[in-house]
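Please walk through this model with its domains, sheets and pockets in turn. The explanation begins with one of the pockets and works outward from there.

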Amino acid sequence: MGKIVIVEDDIFLREELQNIFEKEGYTVYCIRSFDHPVEDIIFANPCLILLDLNLPNYSGFDICRALKAKGVGPVLVLTSRDQLSDELHAFGLGADDYLTKPCHPQRLIARVDKLIRLYSNRHILLDAGDFQIDDQSNVLYTGTGSITLSKNEAVMLKALVHASPSVVRKEELFHTLWGSSDYVDENILQVNMTRLRKTLDGIGLPNRIKTIRGIGYQLLEDDSL
């Protein structure tokens, strides 16, 4: 089973939802701090986001817009807001489904399972402007050709695309690549990043990854070169 991210500020409801989906066999990651929710969701790399709309610091609408702009999803909105205008607005921002609270657990599970099945059969292209990455096959496409990335190359480049224009910290890449930053030699990350840069150079995308000394790496847009 995949990982579901729950974005809900009501502690009791959040724990109830977590229990429901863990019993179904899903791994559940709950957003508890709402300082950088979009970055936290992307870092969790979920197969589905369960999103409330009334949240501290950020509107669920804004989070939905930001996630879909980066190709992250599916997003199922679960909210107490039952106005048609809110539902239509959420769909207009790219939400994949919309349910109102209270919602019967079996209905919620069925909708989640359906969305995950639909997305698992789709080839999602992550768009970085002048190149795209097939999220399933790890094929990188440009205007002049394509190339299949290695597993580590794809993991790093997708992390950079999702975070762009923000910096991806080295610790995040350690966790994404190897599940932990413990006992990982930083030179190994540098070697993998060098290989990715050479691959991008070879397909006509030179100088796209900037090293932020002591922090991590940043994907540069074509017009930033």
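**Pockets, domains and sheets**

In the second largest pocket, strand 6 makes the biggest contribution to the lining, giving 3 residues. The model is a predicted one. Strand 6 spans residues 125-127, and both this strand and helix 3 supply at least two residues of that lining. The volume of the second largest pocket is about 230 Å³. Its lining consists of 15 residues, and those closest to the centre are Lys70, Asp127, Ala128, Val161 and Ser164. Sorted by class, the lining of the second largest pocket has 8 nonpolar, 2 polar and 5 charged residues. Domain 1 and domain 2 each provide at least three residues of this lining.

The domains themselves come next. The domain assignment divides the protein into domain 1, residues 3-120, and domain 2, residues 125-219. Between the C-alpha centres of domain 1 and domain 2 the distance is 27 Å. The contact between them involves 7 residues of domain 1 and 9 residues of domain 2.

Where does the largest pocket lie with respect to domain 1 and domain 2? Both domains give residues to its lining, so the largest pocket lies between them. Its volume is about 1,100 Å³. The lining of the largest pocket comprises 40 residues, and Ile42, Asn45, Pro46, Val72 and His162 are the ones nearest the centre. Five helices are listed as giving at least two residues each to this lining: helix 2 (37-44), helix 3 (60-69), helix 5 (105-120), helix 6 and helix 7 (170-178). Helix 6 has the largest share, with 7 residues. The classes in the lining of the largest pocket are 20 nonpolar, 10 polar and 10 charged residues.

Now to the sheets, beginning with the one that includes strand 1. Five strands form an open sheet with parallel pairing, in the order 2-1-3-4-5. Strand 2 (27-31) and strand 5 (97-100) are at the edges with a single partner strand each, so each has one side without a neighbour in the sheet. From one strand to the next, the twist averages 20°. Strand 1, residues 3-7, is joined to strand 2 by 5 bridges, and the two run parallel. Within this pair, Val5 has Tyr29 of strand 2 as its bridge partner. Helix 5 packs on this sheet and touches strand 1, strand 3 (48-51), strand 4 (75-79) and strand 5. The direction of helix 5 makes about 170° with that of strand 5. Helix 5 is also among the helices that supply at least two residues of the lining of the largest pocket.

Further along the chain are two hairpins that share strand 8. Strand 7 (residues 131-134) and strand 8 (residues 139-142) run antiparallel and are joined by 3 bridges. Ile133 has Leu140 in strand 8 as its bridge partner. There are 4 residues between the strands of this hairpin, and Asn138 takes a positive phi near 65°. Strand 8 is also joined by 3 bridges to strand 9 (residues 146-148), again with the strands running antiparallel. Here Tyr141 stands opposite Ser146 of strand 9. The hairpin of strand 8 and strand 9 has 3 residues between the strands.

The remaining sheet is built from strands with higher numbers. It is an open sheet of 3 strands in the order 10-12-11, and its pairing is antiparallel. At the edges are strand 10 (168-169) and strand 11 (209-212), each of which pairs on one side only. Strand 11 is paired with strand 12 (residues 216-219) over 4 bridges in the antiparallel sense. One bridge partnership in this pair links Ile212 with Gly216 of strand 12. Helix 6 (residues 151-163) packs on the sheet and touches strand 10, strand 11 and strand 12, with its direction at about 70° to that of strand 12. Helix 8 (residues 186-202) also packs on the sheet, touching strand 11 and strand 12. The direction of helix 8 makes about 155° with that of strand 11.

Helix 6 therefore connects two parts of this description: Helix 6 packs on the sheet of strand 10, strand 11 and strand 12, and helix 6 gives the largest share of the lining of the largest pocket.

Methods:
Residues numbered from 1 in each chain as written. Predicted model: local features only at pLDDT ≥ 70, side-chain atom pairs only at ≥ 80, totals over all residues. Heavy atoms only, no water. Pairing = 2+ DSSP bridges. Contact = heavy atoms within 4.5 Å. Axes fitted to C-alpha atoms, helices over the stretch in contact; angles between N-to-C directions. 1 Å grid on protein atoms, 1.4 Å probe; cavity = no way out; pocket = protein on both sides within 12 Å on 5 of 7 lines; lining within 4 Å. Points joined across faces, edges and corners; volume = space filled by probe spheres on them. Nonpolar A, V, L, I, M, F, W, Y, C, P; charged D, E, K, R; others polar. Domains from an automatic or database assignment.
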